[in-house]
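Reader: Hi! Could you walk me through the ring pairs and a helix contact in this one?
Author: Happy to, let's have a look.

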Amino acid sequence: MKTISENKSFGGVQGVYSHESEACGCEMTFAVYLPPQAEDGPVPCLWYLSGLTCTHENAMTKAGLQAHAAEFGLALVFPDTSPRGEGIADDEAYDLGQGAGFYVNATEAPWASNFQMENYIASELRDLVTEKFSISVHQGITGHSMGGHGALTLAMKYPGHYQSLSAFAPIANPTKSDWGRKQLGAYLGDNEAVWAAHDATLLLKDKGWSGDILIDQGADDQFYDLLKPEALAAALTATRTAHTFRLQAGYDHSYYFVASLGRDHVAWHAARLKV
């Protein structure tokens, strides 16, 4: 692991690091914020998965979560959204390839050799940050847009990894959306039955979630129809999953929305991680 930068932030340290990823077959960059409480021993951790076109840096610099993490004593992990670099498959469109990994393990050419983002997030990077940083096994997960999709699906697929769950404007029903069908088809092939394991609305009905879930969705989100929030809301009710689903008047899909509601989400996770 290489240190790219470390900066004092709200009494803690915001760092950016890179390492050679076995899962993705290339160098991957990620960021970790350690609150001041980490000086006294391992602290609970909140994973933040970013959306389309983002790197580790977008949420790290725009979401304003470090102040809240320092207040509640949580570490933050900001992974990248895909493998990157020379020789890594890409596409001219913004919503496929580099910057658009969708947090799945690709099985189709040319993506399969590097786009193993599910294994990377849920296994390799989790093991690395737990080993290298003052982070405990008490971990929660959240994310925005494509990252909200990733947070919901990974939490339901790996319930032992995450004890708390929330999302900002997640892609909630990708098997029924252009933000999903295109990517799942490219990465996983034409069998739509395989796609179901990466659709939060369908996974909730299949695997469920034992805890409660916080979802915030902007009512003025310009991508509202692509996100399919009504499908997830219906599934939460049908499965009797405890949840808080808030439609926020006036908010769009931007990081202004995430930053405005960030403290609520950090506090939500802190309460459930018993901080």
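**Ring pairs and a helix contact**

Reader: How many aromatic pairs are there?
Author: The count comes to 11 aromatic pairs, where rings of Phe, Tyr and Trp (its six-membered ring) pair if their centres lie within 6.5 Å; planes under 30 degrees apart are stacked, over 60 edge-to-face and the rest tilted. This is a predicted model, with pLDDT of at least 70 needed for local features and 80 or more for side-chain atom pairs, while totals for chains, interfaces and linings use all residues. Residues are numbered from 1 along each chain as its sequence is written, and side-chain values use heavy atoms, leaving out hydrogens and water.

Reader: Why is the pair of Phe 30 and Phe 133 edge-to-face?
Author: Their ring planes are at 90 degrees, with the centres 6.5 Å apart, so the pair is edge-to-face.

Reader: And is Phe 30 buried or exposed?
Author: Phe 30 counts as buried at 0% relative accessibility (buried is under 20% relative accessible area, exposed over 50%, partly exposed in between, with a 1.4 Å probe and protein chains only). Phe 133 counts as buried too, at 11%.

Reader: Nice. Which residues do ring pairs link into a cluster?
Author: Tyr 48, Phe 78, Phe 168, Tyr 251 and Phe 257.

Reader: Switching to helices: which way does α2 pass α10, left-handed or right-handed?
Author: The crossing is right-handed, meaning that the near helix is turned clockwise from the far one by less than a right angle; anticlockwise would be left-handed. Helices here are DSSP runs (H or I, at least four residues), numbered from the N terminus.

How values were computed:
Helices (H or I, at least four residues) and strands (E, at least two) are DSSP runs, numbered from the N terminus.
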